[in-house]
Amino acid sequence: MLDLIERELIYLWYYSDLQVRQLMPYYIVGTLLGSFIAVFLKSKLSLLLQRAPSLPYVSLLLSAILGFLSPICMFGTLPLAAALFQAGMRQATLACFMMSSVLLNPQLIIYSSALGEAPFYLRLSSSLIMALCAGILIMHCFKKQSFFNFAAFSGTMRNRDTAPNVILRYIFNVGRNLKATLPYFVVGIVLSALLTIHLPPALISDIFGRDDYCGVLIAAALGVPLYMCGGGTIPLLMMALDGGMSLGAATAFMLSGPATKLTNLSALKAVLGWSHFAAYLIFVLVFSTLGGLLINLFLG
């Protein structure tokens with residue numbers, strides 16, 4: 001019995017150490033970059049978003065890009081969105097910005113580069129298209145009615161970076177980012193190591209490696225309960241891709257996961273009624289599944 005436990009711990013340490021060595025540079029760079037944007041560029045990004053061009057589709061594209069660059073979590077994005085809405089910004093532009101903020105941020109962009117070239121670019125492009133589609137749907141389906149309800153927000157956002165010295169503000173921000181993400185990163189490493197030890201590669205290939213709708217649908221559905229934190233899912237995705245997970249299934253997981261992350265859902269529910277909240281969930285699952293199927297169709 002003791003020999004079995006010792007062997008298990010050795011394998012766990014070996015595969016965990018392997019994952020940490022591979023992912024830690026991306027994790028560190030992503031965290032430092034995200035904090036830099038939050039401390040030094042956040043106000044400039046907000047100003048750019050507020051002064052987006054009047055051309056609707058150009059405005060959607062700009063808001064999506066700024067959403068990707070925003071390091072603010074969804075709970076921090078909502079007060080900002082409420083302030084911009086009260087300042088007269090169109091709700092389609094806000095929807096696009098909020099959708100892209102849910103799907104990607106500077107840290108996650110850096111983390112995702114560890115997945116390899118094809119999954120990385122598929123994540124960027126599919127997230128951009130998803131955010132644009134969300135904005136276009138709001139633009140055309142809610143011309144004369146409100147999709148969001150920002151009544152509970154005063155239009156101001158509490159700034160937690162109040163230290164007088166900008167270097168201290170940066171250090172504090174890095175510390176908060178580490179506190180918020182490091183536990184999930186560690187959990188992801190450990191889960192990935194355990195799955196590598198105990199889950200047969202053939203089973204992963206059978207479930208996720210199929211090019212038909214089943215593998216993609218399963219991946220999109222599993223993104224709902226399994227997605228903890230962007231950095232935490234990277235080792236799981238790497239293990240699944242190595243085991244035969246198709247690019248379409250991986251993309252479906254990368255879209256549905258962050259969009260249905262529990263904290264993001266609870267934040268969005270604060271500004272969406274039940275019917276609009278249900279419409280959001282349907283949109284996420286349908287888009288991620290169809291997107292994965294199309295990727296397998298053309299790239300499989």
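# Exercises on a predicted model

The buried residues of helix α2 are Ser59, Leu60, Ser63, Ala64, Leu66, Gly67 and Phe68. Buried means under 20% relative accessible area, exposed over 50%, and partly exposed in between (1.4 Å probe, protein chains only). Helices (H or I, at least four residues) and strands (E, at least two) are DSSP runs, numbered from the N terminus.

This is a predicted model, in which local features need pLDDT of at least 70 and side-chain atom pairs count only at pLDDT 80 or more, while totals for chains, interfaces and linings use all residues. Residues are numbered from 1 along each chain as its sequence is written, and side-chain values use heavy atoms, with hydrogens and water left out.

**Exercise 1.** Find the helix that holds serine 59, and decide whether serine 59 is buried or exposed.

*Solution.*
- Step 1: serine 59 belongs to helix α2, residues 56-69.
- Step 2: the relative accessibility of serine 59 is 1%, so serine 59 counts as buried.
- Step 3: its side chain makes a polar contact with the side chain of threonine 93, at 3.2 Å. A polar contact is a pair of N or O atoms within 3.5 Å; within protein, one must be able to donate a hydrogen and the other to accept it, and residues adjacent in sequence count only if both atoms are side-chain atoms.

**Exercise 2.** Compare the span of α2 with its expected span.

*Solution.*
- Step 1: the expected span of a helix is 1.5 Å times one less than its number of residues.
- Step 2: for the 14 residues of α2 this gives 20 Å.
- Step 3: the end C-alpha atoms of α2 are 20 Å apart, which agrees.

**Exercise 3.** Locate the salt bridge that a search of the whole structure finds.

*Solution.*
- Step 1: a salt bridge is a side-chain nitrogen of Lys or Arg within 4 Å of a carboxyl oxygen of Asp or Glu.
- Step 2: the search finds one, and the side chains of aspartate 17 and arginine 21 form it (2.8 Å, N to O).
- Step 3: both residues lie in helix α1 (residues 2-50), four residues apart, about one turn of the helix.
- Step 4: aspartate 17 counts as partly exposed because its relative accessibility is 27%, whereas arginine 21 is exposed, at 64%.

**Exercise 4.** State where leucine 168 lies and how accessible leucine 168 is.

*Solution.*
- Step 1: leucine 168 is in helix α7, residues 166-198.
- Step 2: with 38% relative accessibility, leucine 168 counts as partly exposed.
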